[in-house]
Amino acid sequence: MDTSLSTIAVVGLGTMGTGIAEVLALAGREVIGIDISEAAALGAVASLEASTARAVGRGRITEQERTDALARFRTSDDLRTAADAELVIEVVPETYEIKQQVFRELDAIVSPTAILATGTNALSVTRLAAESQHPERVLGLHFFNPAPAMKLVEVVSSVLTAPPAVEAVTALARELGKEPVAVGDRPGFVADGLLFGYLNQAAAMYEANYASREDIDAAMKLGCGLPMGPLALLDLIGIDTARTVLEAMYAESHDRLHAPAPVLGQLSSAGLTGRKAGRGFYTYDAPGGQAVVPDALTPAADAASGAGRDVASVGVAGSGTMASGIAEVFAKAGYDVVLAARSQEKADVAKGRIAKSLERSVTKGRLTAEARDETLARITAAGSLDAFAEVDLAVEAVAEDLGIKQQLFAALDKVCRPGAVLATTTSSLPVVAIARATARPEDVIGMHFFNPAPAMKLVEVVRTVLTADDVHATVRAVCARIRKHPVDCGDRAGFIVNALLFPYLNNAIKMVEQHYASLDDIDAAMKLGGGYPMGPFELLDVVGLDVSLAIEKVLHKEFRDPGLAPAPLLEHLVAAGCLGRKTGRGFREYARR
């Protein structure tokens, strides 16, 4: 097995192949780019020239380094030019027939010691290796797009792969400045195995007309800190490619979460495959373009407008972190706020928490001392809901327990004046069940803020079948005044964010249960390969495993999908009292404060 890997052939010069070739050439390797299309080869050269010129302009490489890299890259339309390569990386279209043909031809061309790598993210590496005369030298080398920028490389072994081949390409990945993660052979591997299930659920959510494409994408960007929304990402990946990956995943898992949403097949059959076609979930300025242009589905600027109710004063019920944060948000926006807790002492403590938060903002230069004082002056701490008698909007932020919330709303119904809007911040409970605790369910709506409320821009606005139009319009207008981004969704478990986020987290736990990958590798894969700000296990420990389990149970109960059943490992950890950072131990251990 050749381990020097100084000459490398890349077969297939599409976007991914060209990116891999660039990475290799800049790292000092002799690179042979092979494609049957002369246009693709010319395009790869032009792309490399343009990309390296930009790198020089930004000071990332010198002009000499650019010249040397370009000299190390040559193209051909003949697979036989790979004869001297010590490593061949194929990045041809994602079908067994094409890839197997490439491997059969390479067997007769390259040295018996050369390593053959497939760039597949959906097909079985074992099945591809079985077509080779030397299956022990075949493995998967899955780069992420764009290859020059993305740090993750999944190194995929089959049961036939020789360890020296894995060691050689793993060392190469590190020399390229990448982070290699070793995984076994199953469709999607780690990153795509988790990512595509999430993307599929988002497509199904859109297909069900539960929320608009714009709201789904905004919710996941603002609520989870993701670089792109799921539907925009599907357009970037290619809707046909996504469907192929999901078909392969479903063939192995038989999990309904992986069964491609019908809309993916419909768009693919119509040739609406995303950016490359100029149209997918969104419409673009041209095939291959990046700029989204308005189409028939683009909401009008005044789509959410309507006559709402006047809101000058706001009541916030609760004394925890979320209640304090919400009260701070409203007071900063100029509203008079009543912060009510179960006792005057608890209300005063909550107001004190707001004072500390505002002081931190002053220290960091985000707020003036005068604005701090004015904000605090707008907040009245009260030890009883009776103080809500004249508020225009009452927002509850108490424990996530249906009985507790129903009891509170029954009290609000008696205290609040006729015409006041009553909002719940629940993240998983049915809003209509809370609304029915009042004699005016038409005045009740969901306003799901995200934690920490002062920093997070998203609010999920949840209408029930009974919510009045002017109540919805009122809350949308209030969101604009407090500088939050509202997204509309219906009254079902998880709304948008949690309905998409927690099945992804649950599937990550299942990967660990099945001993497919380690916590660290999964977290690294999603941060480096998916652009997630936190890996799934980091996030679970921050959210709290008990909170996560409760949401998983609600989702499973609502949708009755076996794939949504909480992973047993999550239940075991919660039963053991390992709840995450707050207890010092969850999926990882933490220093106790």
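Me: A residue is buried under 20% relative accessible area, exposed over 50%, and partly exposed in between. In this predicted model, how does arginine 309 count at 22% relative accessibility?

Reply: The value is compared with the two cut-offs. Arginine 309, at 22% relative accessibility, counts as partly exposed because it falls between them. Across the 593 residues of the protein, 53% count as buried.

Me: With which residue does arginine 309 form a salt bridge?

Reply: The general idea is that side chains of opposite charge can pair when their charged atoms come close. Here the partner of arginine 309 is aspartate 443, with the closest N and O atoms 2.9 Å apart. Aspartate 443 lies in the loop between α16 and β16, and arginine 309 in the loop between β10 and β11, so the salt bridge ties together parts that are 134 residues apart in sequence. Aspartate 443 has 5% relative accessibility and therefore counts as buried.

Me: Which residues are joined into one network by salt bridges that share partners, and how many salt bridges does a search of the whole structure find?

Reply: Shared partners join Glu90, Glu94 and Lys99 into one network. The search of the whole structure finds 28 salt bridges.

Me: Which parts of the chain does the salt bridge between aspartate 240 and lysine 276 link?

Reply: In this pair the closest N and O atoms are 2.9 Å apart. Aspartate 240 belongs to helix α10, while lysine 276 sits in the loop between α11 and β9, 36 residues away in sequence. Both residues count as partly exposed, aspartate 240 at 28% relative accessibility and lysine 276 with a relative accessible area of 45%.

Me: Arginine 213 forms a salt bridge with glutamate 214. Is arginine 213 buried or exposed?

Reply: Arginine 213 is buried, with a relative accessible area of 2%. Glutamate 214, in contrast, is partly exposed at 24%. Their closest N and O atoms are 2.8 Å apart.

Me: How should one read a charged residue without a salt bridge, and what is the nearest side chain of opposite charge to aspartate 217?

Reply: One can look at the charged partners and then at the polar and other contacts. Aspartate 217, in helix α8, is buried yet has no salt bridge, and the nearest side chain of opposite charge, that of lysine 221, is 6.7 Å away. A polar atom of the aspartate 217 side chain does lie 2.9 Å from the backbone nitrogen of leucine 231. Beyond four places in sequence, aspartate 217 touches Gly229, Pro230, Leu231, Ala232 and Tyr282.

Me: Which residues touch the most other members of the largest nonpolar core?

Reply: In soluble globular proteins, nonpolar side chains tend to be buried together. The largest nonpolar core here has 101 residues, and Phe281 and Phe388 touch the most other members. Helix α18 (residues 497-513) supplies the largest share of this core, 11 residues. Among the residues that phenylalanine 281 touches are Leu231, Leu234, Ile239 and Val263, as well as Arg213 and Asp235. A second, separate core has 35 residues, including Ile326, Tyr335, Val421 and Val471.

Me: What radius of gyration does the protein have?

Reply: The value is read against that of a compact globule, which with 593 residues would be near 25 Å; the protein has 27 Å, which agrees. The C-alpha trace spans about 85 × 50 × 50 Å along its principal axes, and the protein has 22 helices and 18 strands. Of the contacts between residues at least 6 apart in sequence, 69% join residues at least 24 apart.

Note on methods. Residues numbered from 1 in each chain as written. Predicted model: local features only at pLDDT ≥ 70, side-chain atom pairs only at ≥ 80, totals over all residues. Heavy atoms only, no water. Helix = DSSP H or I, 4+ residues; strand = E, 2+ residues; numbered from the N terminus. Buried < 20%, exposed > 50% of the residue type's maximum accessible area, 1.4 Å probe, protein only. Lys, Arg positive; Asp, Glu negative; His and termini not counted. Salt bridge = Lys/Arg side-chain N within 4 Å of Asp/Glu carboxyl O. Polar contact = N/O pair within 3.5 Å; in protein donor to acceptor, adjacent residues only side chain to side chain. Contact = heavy atoms within 4.5 Å. Core = buried A, V, L, I, M, F, W, Y, C linked by side-chain atoms within 4.5 Å. Rg over C-alpha atoms; globule rule 2.2 N^0.38 Å.
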